[in-house]
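The following paragraphs lead through the strands of a protein chain, its nonpolar core and one charged residue. Please keep the sequence and the model in view while reading.

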Amino acid sequence: MSGAGPGSTRVAAAAMLRRALDGDAARAGPHLLVTGGDGTERAVALGVELTVGRVPSATLRLEDPGSSRLHARLRLGRQGDATVEDLGSKNGLALNGRRVAPGPAPLHPGDELLIGTTRLRYVDPLAGPRTPAPAALTGAGDARAVREPWTTWRLLAAAAALLAAAALAAVTG
């Protein structure tokens with residue numbers, strides 16, 4: 001994060017470790033907040049790849065009748081960049097209220113996906129604040145933002161949170 005000192009790194013790492021130790025490891029790193037049509041919400045950790053749909057083989061299985069068997073795929077890149085892709089679903093995929101075109105579309109923290117009546121909000125507690133992209137990158141008048149790439153401390157903090165969650169599971173499980 002630009003302008004962040006070493007103290008903010010410790011605070012962020014401590015918060016992620018607390019979440020992991022409290023049994024909420026899914027929220028320690030990049031995740032989706034999944035809200036069903038009935039209003040129930042759950043956090044789902046986002047790994048390198050996550051598939052969404054009704055089939056049992058989907059990483060995130062939805063009971064939503066508006067979801068296709070394999071509806072969408074989300075991916076995390078090595079630099080912390082996230083994308084979503086419609087897998088040819090019958091009812092389509094909406095990103096922040098707009099239908100997703102064929103091919104991968106970038107995801108940013110706070111973005112919301114809609115599959116049937118199920119809402120999936122992308123959360124990345126490791127991401128720095130979004131800063132406006134230069135006009136040369138986005139075109140004149142375009143207000144899209146770019147994300148800073150992950151830095152070493154973010155990766156170490158995420159690894160520490162996952163190790164703490166695994167250790168807790170081994171001790172309690």
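Two strands are said to pair if DSSP finds at least two bridges between them. The model discussed here is predicted. In the hairpin formed by β5 and β6, 5 residues lie between the strands, and Gly80 among the hairpin residues adopts a positive phi near 90°. Strand β5 (residues 72–76) runs antiparallel to β6, and 5 bridges join the two. Within this pairing, Arg73 stands opposite Glu85 of β6.

Strand β6 has a further partner: strand β9 (residues 105–107) pairs with β6 in the antiparallel sense over 3 bridges. Here Val84 has Ala105 of β9 as its bridge partner. In a regular strand, side chains alternate between the two faces of the sheet. Strand β6 (residues 82–86) shows such an alternation: Ala82, Val84 and Asp86 point to one face and are buried, whereas Thr83 and Glu85 point to the other face and are not buried.

Val84 leads on to the interior. The largest nonpolar core comprises 22 residues, and Val84 is among those with the most contacts inside it, together with Leu32, Leu50, Leu60, Leu74, Leu107 and Leu113. Two or more residues each come from β1 (31–35), β3 (49–53), β5, β6, β9, β10 (112–115) and β11 (118–123). The most is given by β5, with 3 residues. In soluble globular proteins, nonpolar side chains tend to be buried together. Leu113 illustrates the contacts made by one core residue: Leu113 touches, among others, Leu74, Val84, Leu107 and Leu120.

A second assembly is an open sheet of 6 strands with antiparallel pairing, in the order β2-β1-β11-β10-β7-β8. Because β2 (41–45) and β8 (98–99) stand at the edges with a single partner strand each, one side of each is left without a neighbour in the sheet. The partnership of strand β7 (residues 94–95) with β8 is antiparallel and spans 2 bridges, with Ala94 opposite Arg99 of β8.

What surrounds Asp64, which is buried yet has no salt bridge? Asp64 lies in the loop between β4 (60–61) and β5. The nearest side chain of opposite charge, that of Arg54, is 7.9 Å away, whereas a salt bridge requires a side-chain nitrogen of Lys or Arg within 4 Å of a carboxyl oxygen. Polar partners are nevertheless present: the Asp64 side chain reaches the backbone nitrogen of Thr117 at 2.7 Å and makes a polar contact with the side chain of Thr118 at 2.8 Å. The residues that Asp64 touches also include Ile115 and Gly116.

Note on methods. Residues are numbered from 1 along each chain as its sequence is written. This is a predicted model: local features need pLDDT of at least 70, side-chain atom pairs count only at pLDDT 80 or more; totals for chains, interfaces and linings use all residues. Side-chain values use heavy atoms; hydrogens and water are left out. Buried means under 20% relative accessible area, exposed over 50%, partly exposed in between (1.4 Å probe, protein chains only). Helices (H or I, at least four residues) and strands (E, at least two) are DSSP runs, numbered from the N terminus. A nonpolar core is a set of buried Ala, Val, Leu, Ile, Met, Phe, Trp, Tyr and Cys residues joined through side-chain atoms within 4.5 Å. Contact means heavy atoms within 4.5 Å. Lys and Arg count as positive and Asp and Glu as negative; His and the chain ends are not counted. A polar contact is a pair of N or O atoms within 3.5 Å; within protein, one must be able to donate a hydrogen and the other to accept it, and residues adjacent in sequence count only if both atoms are side-chain atoms. Lists of a residue's contacts leave out its neighbours within four places in sequence.
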